[in-house]
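Please open the viewer and keep the selection tool at hand, since this tour goes from one selection to the next and says what is there.

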Amino acid sequence: MATIVGAVTSSHVPAIGRAIARDLQGDPYWKPFFDGFPPVHQWLTKVKPDVAVVIYNDHGLNFFLDKMPTFAVGAAPEYRNADEGWGIPVVPPFRGEQDLSWHLIESLVENEFDVTTCQEMLVDHAFTLPMALLWPGQGAWPVTTVPVCINTVQFPLPSAARCFKLGQAIGRAIESWDADQRVVVIGTGGLSHQLDGERAGFINKDFDLQFMDSLACDPQWATKYSIPELVELTGTQGVELLMWLAARGALTGRVSKVHANYHIPISNTASGLMVFENQP
Ligand code: DHB
Ligand code: FE
């Protein structure tokens with residue numbers, strides 16, 4: 001059976017793509033952000049995942065307002081990136097892990113998560129940038145992938161409690177996948193930020209830090225908040241923290257926090273990074 005080695009949760013700001021393309025990792029603006037990643041690289045070298053299940057939110061590249069699934073799972077042989085208009089380079093394609101995709105889809109539907117199945121799927125910066133941060137080096141991706149997309153673009157959004165339960169169902173599905181493979185779960189989004197409207201620029205450091213703490217010691221803490229409460233507390237795009245909750249929910253064993261980094265601001269966002277190891 002497959003093993004879940006742990007989870008990595010990260011922010012996914014488009015400007016990171018520009019910083020990588022221009023080699024700005026040592027620039028004073030970027031250094032506190034990129035300095036968060038070497039411990040993640042060391043951990044990945046130690047746990048050696050074969051597959052990444054990437055829980056992210058699309059921002060209009062693959063799904064637009066005309067058709068918006070609440071939960072979608074990729075089942076494609078390959079996932080390509082495309083120009084989203086941010087002016088950042090497109091990255092090389094990702095290999096899909098189709099056997100796990102179909103196992104995940106069957107298992108989630110059986111568990112009453114009626115997901116949209118995507119045999120073609122473009123992946124946006126929320127998928128590609130965390131991958132480029134975790135495995136730097138021009139897209140020689142050492143893992144195969146399964147994208148899982150949660151709607152945070154068009155209301156109504158799924159509740160925090162529902163996203164945590166989705167994560168738990170994803171965890172059970174991975175652990176019942178009949179393959180000798182090591183799987184890392186990645187959750188990308190957040191932390192607090194608001195890109196438009198009267199509160200554009202809103203950041204809530206106190207809440208972010210409490211949320212990060214909670215994932216280590218009381219992972220369901222944030223599920224007590226409704227979506228409007230989370231928008232109030234973290235900003236309209238801060239609700240992307242739902243991806244972190246789902247990723248954390250997937251860890252079913254003995255979980256230990258390996259690493260955390262928090263830095264304000266990257267573009268308009270409070271950027272967070274965490275690594276959790278999972279012992280079955
Ligand atoms: C920014 C943050 C995001 O999460 C995103 O998807 C796009 C832009 C930003 O801070 O600029
Ligand atoms: Fe985003």
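**Around the ligand**

Begin by selecting Thr-269 together with ligand 1: in this predicted model, a polar side-chain atom of Thr-269 lies 2.7 Å from an oxygen atom of the ligand. Taken alone, ligand 1 exposes 300 Å², and the protein buries 96% of that.

Next, add Ser-267 to the selection, where a polar side-chain atom is found 2.6 Å from an oxygen atom of ligand 1. Then show the backbone of Asn-268, because a definition of polar contact as a pair of N or O atoms within 3.5 Å is what you need when you look at its polar backbone atom, which is 3.0 Å from an oxygen atom of ligand 1.

Now widen the view to the whole shell, in which 13 residues surround ligand 1, the closest being His-59, His-125, His-193, Ser-267 and Thr-269. If you colour this shell by residue class, you will find 5 nonpolar residues, 7 polar ones and 1 charged one. With the pockets displayed, you can see that ligand 1 sits in the second largest of them.

**The cysteines**

Leave the ligand and select Cys-118, which is buried, with a relative accessible area of 6%. Why does Cys-118 form no bond with the closest cysteine sulfur? The closest one belongs to Cys-149 and is 7.8 Å from the sulfur of Cys-118, which is too far for a bond, since a disulfide needs two cysteine sulfur atoms within 2.5 Å.

Finally, select Cys-163, which is buried with a relative accessible area of 0%, and whose sulfur is 11 Å from the closest cysteine sulfur, again in Cys-149, so that this pair too is too far apart for a bond. By this rule, the count comes to 0 disulfides.

Methods
Residues are numbered from 1 along each chain as its sequence is written. Chains are lettered from A and ligands numbered from 1 in the order in which they are written. This is a predicted model: local features need pLDDT of at least 70, side-chain atom pairs count only at pLDDT 80 or more; totals for chains, interfaces and linings use all residues. Side-chain values use heavy atoms; hydrogens and water are left out. A residue is near a molecule or strand if one of its heavy atoms lies within 4 Å of it. A polar contact is a pair of N or O atoms within 3.5 Å; within protein, one must be able to donate a hydrogen and the other to accept it, and residues adjacent in sequence count only if both atoms are side-chain atoms. Accessible areas come from the Shrake-Rupley method with a 1.4 Å probe; for residues, only the protein chains shown count as cover. On a 1 Å grid over the protein atoms alone, a cavity is a set of points where a 1.4 Å probe fits but cannot get out, and a pocket is an open set with protein on both sides within 12 Å along at least five of seven lines; lining residues have an atom within 4 Å of a point. A molecule sits in a cavity or pocket if more than half of its atoms lie within 2 Å of its grid points. Ala, Val, Leu, Ile, Met, Phe, Trp, Tyr, Cys and Pro count as nonpolar, Asp, Glu, Lys and Arg as charged, and the others, Gly among them, as polar. Buried means under 20% relative accessible area, exposed over 50%, partly exposed in between (1.4 Å probe, protein chains only).
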